[in-house]
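These are my notebook entries on a single structure. I looked up strand pairing, one helix contact and a few backbone irregularities.

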Amino acid sequence: MKALAPSQVSAFLDDIAAANLELHGLVILQHGKTIAEGWWHPYRADVRHQLFSLSKSFTSTAAGFAVTEGLISLDDPVLSFFPTKAPKEPNEHLKAMKIRHLLSMNTGHETEPQITESRDWVKGFLAAPPTKEPGTHFLYNSMATYMVSAIITKVTGMTVRDYLMPRLFTPLGIPEPEWDTCPKGISTGGWGLWLNTREISRFGQFLLEKGKCDGKQLLPAAWIETASSIHSDNGIGQGSDWNQGYGFQFWRCKHGFYRGDGAFGQYCIVMEAHDMVIAANSGTNDMGGVMDLMWKHLIPAVSGKASKKDADALTTRLAGLAYAPPAPEGSAEAADKAFEGWAGTTWDVEKNDIGLKCIGFDTLRGKSCLIMEDGRGAHRVPFGWGEWRESHGTLAQFSPKKRRKYATFASARWIGKDKLELTVRFPETPAWYRVEYTKKRTGMEVSVSVNVSFGPTVMPVLKAKKRVIAP
């Protein structure tokens, strides 16, 4: 069988950098062994990354265990599990909806039910009647996955996360993963799981080995075959990796591969023909671009042993991957001196859509620091000059509503007179921010941009006035 060569991985890394496609972590397995792995500092091997919709593939696997244990059947009507939450007069399409339709994203809905602000998501989903016959219309529908999670909780008395602990997570060496829950305490199912890149690769190897782990059959091979096969026509033949067919919470890919994936580039790709798995975490809006480069470079093409020179060069390169902080002009000492005029000031921000109330600048244990206050409280972000400064706080995009500490890496530089630029990365999420603070004669303007977002990546300019403290 052809093997992946170190030179192919190096070429992939070259093109990823040239195309400005931001990867955070990469693990490649072939024949059960690690061929290449690396993380772009400040992202690290041990840090769990938000998976978004890659979570769906784990929910599908939980459904596989439940089917195997006789707790559910693919042809069970969805309404049969929630008779007290059904509409008084459900339409025929809702009555016909089965678990298999939830898994294959062909529930009959033409628009996804938008009920995440409701306290009872099950009731909200059932109150949004499908307009087409289930099984006839593909619609990517995260709430359908949530319903699979809710059904598993109904029949087991456990969240999907807890149900999978002894069946999947513990055997794969994945200790106590975090999975967000709805207001009723049910795992969100379609999103909300956090794993590191190595843990994703172990899941991929489990899939590649048809449900085995360390030689033990955890889940029947027949389920893996079923889940990864095409059950929905999502535009087959149109060329995109999103138009190759859809299984039970898995996408089919070009070249006969299949994958689970999540927003902004979270990948678990199974390449059965090459006995290979690719796992990656990213922060990009061009997920297809990343996969195109994978297909260009990471399909094994050589036989025999790779040269030691190429292998050593790749090892060195992978160990040195990093996203450098923005380069400052002048020394850190000069930057600190210029910051003295900002330290100790607080600025009240005019009413805005992101709920920011005020910003402040100060020194914290001798280190430059930004202080922000919003509806969740005060957030302190120490930053370096021309270097990343690590801290742990509650400021993070895409975070669950519960308050917890997130790793934060921040660096600042002066980009003009009275104009400070701050870059902040959150290694547990795909997001990083660039914020410009510009002093004006009458106050301050704050410009915020983010690399990835479900909405605009450039926010309206915020205006702030200096707080005057009475003597």
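Which residue in strand 22 does Trp347 stand opposite? I looked this up and found Lys466 in strand 22 across from Trp347. I note at the outset that the model is predicted.

**Entry 1: strand 12 and its partners**

I then followed strand 12, residues 345-349, to both of its listed neighbours. With strand 22, residues 462-466, strand 12 pairs in the antiparallel sense over three bridges. With strand 13, residues 358-364, strand 12 is also antiparallel, and four bridges join the two. I recorded Phe361 as the bridge partner of Thr345 in strand 13.

Next I checked the side chains along strand 12. Thr345, Trp347 and Val349 point to one face and are buried. Thr346 and Asp348 point to the other face and are not buried. I set this beside the general expectation that side chains in a regular strand alternate between the two faces of the sheet.

**Entry 2: helix 1 against helix 10**

I looked up how helix 1 (residues 6-18) lies relative to helix 10 (residues 287-297). Their axes come within 9 Å and cross at roughly 150°. Helix 1 is therefore roughly antiparallel to helix 10, since angles over 145 degrees count as such. I noted the crossing of helix 1 past helix 10 as right-handed.

For the contact itself, I listed Gln8, Ala11, Phe12, Asp15 and Ile16 on the helix 1 side. These meet Val290, Leu293, Met294, Lys296 and His297 in helix 10. I sorted the residues of this contact into six nonpolar, two polar and two charged.

**Entry 3: backbone irregularities in loops**

I kept in mind that most residues other than glycine have a negative phi, and that most peptide bonds are trans. Three places called for a note.

The peptide bond from His41 to Pro42 is cis, with omega near 15°. I placed Pro42 in the loop between strand 2 (33-39) and strand 3 (49-50).

Lys210 is not a glycine, yet I read a positive phi of about 55° for it. Lys210 sits in the loop between helix 8 (197-208) and strand 6 (212-213).

Asp275, likewise a residue other than glycine, has a positive phi near 50°. I located Asp275 in the loop between strand 10 (266-271) and strand 11 (276-282). Is Asp275 buried or partly exposed? Asp275 has 25% relative accessibility, so I entered it as partly exposed; the cut-off for buried is under 20%.

How values were computed: Residues are numbered from 1 along each chain as its sequence is written. This is a predicted model: local features need pLDDT of at least 70, side-chain atom pairs count only at pLDDT 80 or more; totals for chains, interfaces and linings use all residues. Side-chain values use heavy atoms; hydrogens and water are left out. Axes are lines fitted to C-alpha atoms, for helices over the stretch in contact, and angles run from 0 to 180 degrees between N-to-C directions. Angles under 35 degrees count as roughly parallel, over 145 as roughly antiparallel, 65 to 115 as roughly perpendicular and the rest as oblique. A crossing is left-handed if the near helix is turned anticlockwise from the far one by less than a right angle, and right-handed if clockwise. Contact means heavy atoms within 4.5 Å. Ala, Val, Leu, Ile, Met, Phe, Trp, Tyr, Cys and Pro count as nonpolar, Asp, Glu, Lys and Arg as charged, and the others, Gly among them, as polar. Buried means under 20% relative accessible area, exposed over 50%, partly exposed in between (1.4 Å probe, protein chains only). Two strands pair if DSSP finds at least two bridges between them.
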